[in-house]
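Welcome! Please take a look at the sequence and the structure shown here, and then read on for a short guided tour.

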Amino acid sequence: MDHQTQTITDIILKAAERARVETSNEPEPGLTKRVKWPVTCTVGPGLEGAIACESRVGYVNGAKGWLIYRGYDIFDLAAHSNFEEVCYLLLHGSLPTADEFRAFRDRLAEYRWVNKTLRMLMGFPIEEMHPMAALRLGVNLMRQEFTYADSRERRPVKGNIIGSDEDSIPMETKPRGETHAIYEFKRRSRARRLRASQQMDDAGSIQSAYHLIAGMATLAAAISRVHQGLMPLDPDPELSHAANLLYMMTGRRPTPLEERVMDVCLILHADHGMNASTFASLVVASTLADIYLAVGSGVAALQGPLHGGANEQVIYMLEELAETGDVTGWIGKKLAAKDRIMGFGHRVYKAYDPRARVLGPLAEALARGKPDVEPLFRVAQQLEAEVLNRFGNEKKIFPNVDFYSGLVYRSLGIEPEMFTPLFAVSRVAGWTARVLEYLHNNRIFRPRAIYVGEFHKEFPSPAERGF
Ligand code: ACO
């Protein structure tokens with residue numbers, strides 16, 4: 001390990017020690033034993049406190065600031081592991097042996113090629129779409145490349161029937177005089193019902209999880225290139241997942257330091273309990289829709305600024321603050337307007353987010369001497385101090401994962417609109433691991449709403465509504 005990558009490991013180990021010291025007096029974790037269903041719990045708005053399922057994939061303890069993947073502490077994983085290994089761990093439940101690791105890494109490298117998906121994706125105006133919208137589309141298109149979910153059970157009708165609405169589609173006259181629709185759509189016979197078990201064999205398998213983990217990185221990098229006005233690059237199978245991701249975005253092989261930083265970011269974002277995007281994926285999967293559609297809904301849910309989309313918004317906020325320099329006045333106005341400050345607060349953490357404990361010092365080390373990032377980091381520090389001063393003790397509002405991650409990405413030269421896609425490129429590991437786990441003991445999600453509307457209303461006559 002060279003000196004610079006060792007510095008990253010030292011930052012992580014220091015953060016781990018600080019977390020241990022600061023939270024040692026907090027209570028031991030609850031809700032970690034198997035339960036007898038049905039369970040009794042108190043549910044708040046936004047399903048706060050609701051228990052959706054049992055899981056062995058990962059655990060968040062908000063009071064102690066713990067984040068655990070399959071029994072391993074996030075600090076240990078960030079310090080000593082790598083993203084490929086973490087994906088294997090999340091999906092398979094244990095760390096790989098050396099042989100298993102090599103085979104898994106090679107399989108992921110092989111699955112980086114998603115050429116058909118890219119060809120389809122490039123047919124859309126992705127340069128005009130937010131990269132998260134394009135990524136979501138790309139995940140759906142991967143389904144067309146890697147599964148037969150829609151076509152296996154369908155038999156093409158002999159002779160390729162032309163299905164066109166001849167009243168609305170322009171017609172042309174062929175040399176022999178017969179008319180013909182200019183646009184032709186090949187129609188297939190009506191699908192036989194797809195048996196759910198077949199669908200899951202095909203698109204719910206562990207191989208689909210591998211395809212998604214490897215392929216989404218290629219898609220995100222290609223989308224980033226198109227947004228820079230550049231052509232997508234082929235993956236480099238010799239590089240690690242993190243290094244290849246950076247290479248496909250920038251066209252330059254990263255330094256060992258850049259590779260290590262990206263790897264740590266990927267590890268830190270890979271899984272996080274029953275968050276909104278994971279829950280969205282599980283809800284979709286619980287209907288036996290396939291894993292590509294489930295992950296697509298995870299991408300959609302992650303995009304929102306109250307969830308993963310906050311990392312992009314944080315940078316815009318810091319840029320604004322660096323320009324005005326008035327952090328105190330700005331916070332006052334925000335709070336008076338009851339606005340949320342992006343990158344702060346968490347439904348579960350009432351202690352400092354362990355991921356932010358790593359990303360903060362990492363951002364500081366990387367920003368040093370970079371004129372486009374250092375001022376933003378200084379403003380971020382001021383903002384953190386101000387928020388902790390106002391809320392820390394009372395409301396327990398601390399920086400979350402999204403507060404410093406953007407500064408780290410920015411130091412790697414990545415554009416803000418790519419921050420949330422990078423989150424998705426990592427979180428796909430958690431989504432797929434949890435979807436596959438949930439399907440072993442599937443039950444469709446179906447909570448209820450409390451109806452607070454009216455009853456027994458009389459249907460008005462048309463005249464009463466002016467018809
Ligand atoms: N800025 C200002 N006040 C906040 C913030 C914030 N970022 N977060 C919470 N609060 C306040 C709330 O207004 C509330 O105050 P009140 O009791 O006086 O009404 C109190 O803290 C409790 O907050 P909740 O509303 O219960 O928090 P909730 O669990 O509903 O929301 C959320 C969590 C969405 C993350 C929220 O903290 C927020 O909006 N943060 C900003 C967006 C953000 O950074 N999202 C990324 C989260 S991490 C992730 O998803 C990857």
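This report visits the nonpolar core, one residue in a helix, and a sheet.

## Before we start

Keep in mind as you look around that this is a predicted model.

## The nonpolar core

A good place to begin is the largest nonpolar core, which has 127 residues. The residues with the most contacts inside this core are Met216, Met262, Met317, Leu318, Leu383, Leu407 and Ile414. The element that gives the most to the core is helix 8, spanning residues 206–227, with 13 residues.

Let's pick out Leu318 and its surroundings. Leaving aside residues up to four places away in sequence, Leu318 touches Leu376, Val379, Ala380, Leu383, Phe403 and Leu407. Two of these partners, Leu383 and Leu407, also appear among the residues with the most contacts inside the core.

## A serine in helix 8

Helix 8 is also the place of Ser224. Is Ser224 buried or exposed? Its relative accessibility is 5%, and buried means under 20%, so Ser224 counts as buried.

What does Ser224 touch, not counting residues up to four places away in sequence? The residues in contact with Ser224 are Met249 and Met418.

## A sheet of three strands

Finally, find the open sheet, whose three strands follow the order 1-2-3 with antiparallel pairing. Its edge strands are strand 1 (58–61) and strand 3 (72–73), each pairing on one side only.

Strand 1 and strand 2 (residues 66–69) run antiparallel and are joined by four bridges. Here you can spot Asn61 standing opposite Trp66, which is in strand 2.

Definitions and conventions. Residues are numbered from 1 along each chain as its sequence is written. This is a predicted model: local features need pLDDT of at least 70, side-chain atom pairs count only at pLDDT 80 or more; totals for chains, interfaces and linings use all residues. Side-chain values use heavy atoms; hydrogens and water are left out. A nonpolar core is a set of buried Ala, Val, Leu, Ile, Met, Phe, Trp, Tyr and Cys residues joined through side-chain atoms within 4.5 Å. Buried means under 20% relative accessible area, exposed over 50%, partly exposed in between (1.4 Å probe, protein chains only). Helices (H or I, at least four residues) and strands (E, at least two) are DSSP runs, numbered from the N terminus. Contact means heavy atoms within 4.5 Å. Two strands pair if DSSP finds at least two bridges between them.
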